[in-house]
Amino acid sequence: MPRTPLIAANWKMNTTLAEAKELARNVVGFIADVTGVDKVLCPPFISIGAVAKAAAGTSVMVGAQNMYFEEQGSFTGEVSALMLKDLCRYVILGHSERRSFFRETDEAVARKALVAQVNGIQPIICVGETAHERQSDRAVGVVAAQVRQGISRISFDPGMVVAYEPVWAVGSGLPASPEIANEMCGLIRKELGAKFGSENAEAVRILYGGSVTSKNIGDFVSRRQIDGALVGGASLQAEEFAAIVRNTASAARAV
Ligand code: PGA
């Protein structure tokens, strides 16, 4: 079974509520009828309800950018899977910005992934090495360990997603080469196979993320191991994001 490509928009800490509504309306208008690609918008928590409303009844799905690993209780300022499950199909976990600015550990990612899965939310587990780790030949070891630990508590579900996002490519305008991205996504698939079996690993979508644009997306999604993208900066412009989705659909059809 070929894997349906997935393009996820990570709006990060951008957009006011009014801006999010407007962006969502425009994006949904542009991409709702594009077939052959799964589309997910991940706005800030505060705008998830409004974006879900804009996407309701369309092919566009909604995700969150993070969540806590407890379901409820005295955790001031946190948001749980119970709060997200009615609105979100996906949740981004372990993004490099969360790992670096908020000290998120692999163990926290593993716990969050389990709680997401238990509540019917598909985790998008982000992994990726720093520039220093790549330069010192540690990229493979670092990413393999992040994958192993990130998936350590969950069971196999074909809907789960992993995103390879080298830290040096995120927001830098310097994407990884398609060769490196493909090789690292292949490594991730191997790690998934070691836990879930290689046939199951073949069903899981593995995304590339880091300075993806409408111009370079085709080079990524035409590779055997890359099943879509997690898009930051370029997802904040409706037309550019729509072009990424459309170019993914045509690249997938061409394979
Ligand atoms: P970018 O971000 O597309 O702006 O590089 C990607 C991400 O952080 O998911």
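This tour moves from the ligand to a set of paired side chains and ends at a loop.

The model is predicted, so local features are given only where pLDDT is at least 70 and side-chain atom pairs only at pLDDT 80 or more, while totals for chains, interfaces and linings use all residues. Residues are numbered from 1 along each chain as its sequence is written, and side-chain values rest on heavy atoms, with hydrogens and water left out.

**Stop 1: the ligand**

Select the ligand and the 13 residues around it, among which K12, H95, E165, G171 and S211 come nearest; a residue counts as near when one of its heavy atoms lies within 4 Å of the molecule. The shell around the ligand is made up of 4 nonpolar, 7 polar and 2 charged residues, where Ala, Val, Leu, Ile, Met, Phe, Trp, Tyr, Cys and Pro count as nonpolar, Asp, Glu, Lys and Arg as charged, and the others, Gly among them, as polar.

Next, show the side chain of K12, which places an N or O atom 2.7 Å from an oxygen atom of the ligand. Then turn to the backbone of S211, where an N or O atom lies 2.7 Å from a ligand oxygen, and to G232, where a polar backbone atom is 2.8 Å from an oxygen atom of the ligand. Of the 280 Å² of accessible area that the ligand has on its own, the protein covers 95%; such areas come from the Shrake-Rupley method with a 1.4 Å probe, and for residues only the protein chains shown count as cover.

**Stop 2: from K12 to E97**

Side chains of opposite charge can pair when their charged atoms come close. The whole structure holds 14 salt bridges, each being a side-chain nitrogen of Lys or Arg within 4 Å of a carboxyl oxygen of Asp or Glu.

Keep K12 selected and add E97, with which K12 forms a salt bridge whose closest N and O atoms are 2.8 Å apart. This pair links distant parts of the chain, 85 residues apart, since E97 sits in helix α4 (residues 96-101) and K12 in the loop between β1 (6-10) and α1 (17-31); helices (H or I, at least four residues) and strands (E, at least two) are DSSP runs, numbered from the N terminus. K12 is buried, at 19% relative accessible area, whereas E97 is partly exposed, at 24%; buried means under 20%, exposed over 50%, and partly exposed in between (1.4 Å probe, protein chains only).

**Stop 3: two further pairs**

Select R205 and D38, whose side chains meet in a salt bridge of 3.1 Å, N to O. Because R205 lies in strand β7 (residues 205-209) and D38 in strand β2 (residues 38-42), the pair ties together parts that are 167 residues apart in sequence. R205 is buried at 7% relative accessibility, while D38 is partly exposed at 23%.

Move on to D227 and R189, where the salt bridge is 2.9 Å, N to O, and where both D227 and R189 are buried. Add R3, E202 and R224 to that selection, and you will have the network of R3, R189, E202, R224 and D227, which salt bridges join through shared partners.

**Stop 4: back to the loop**

Return to K12 in the loop between β1 and α1, and check its backbone, since phi is near 50°, a positive value in a residue other than glycine. T15 lies in the loop between β1 and α1, and its phi, near 85°, is a positive value in a residue other than glycine. T15 is partly exposed, with a relative accessible area of 22%.

Key:
A polar contact is a pair of N or O atoms within 3.5 Å; within protein, one must be able to donate a hydrogen and the other to accept it, and residues adjacent in sequence count only if both atoms are side-chain atoms.
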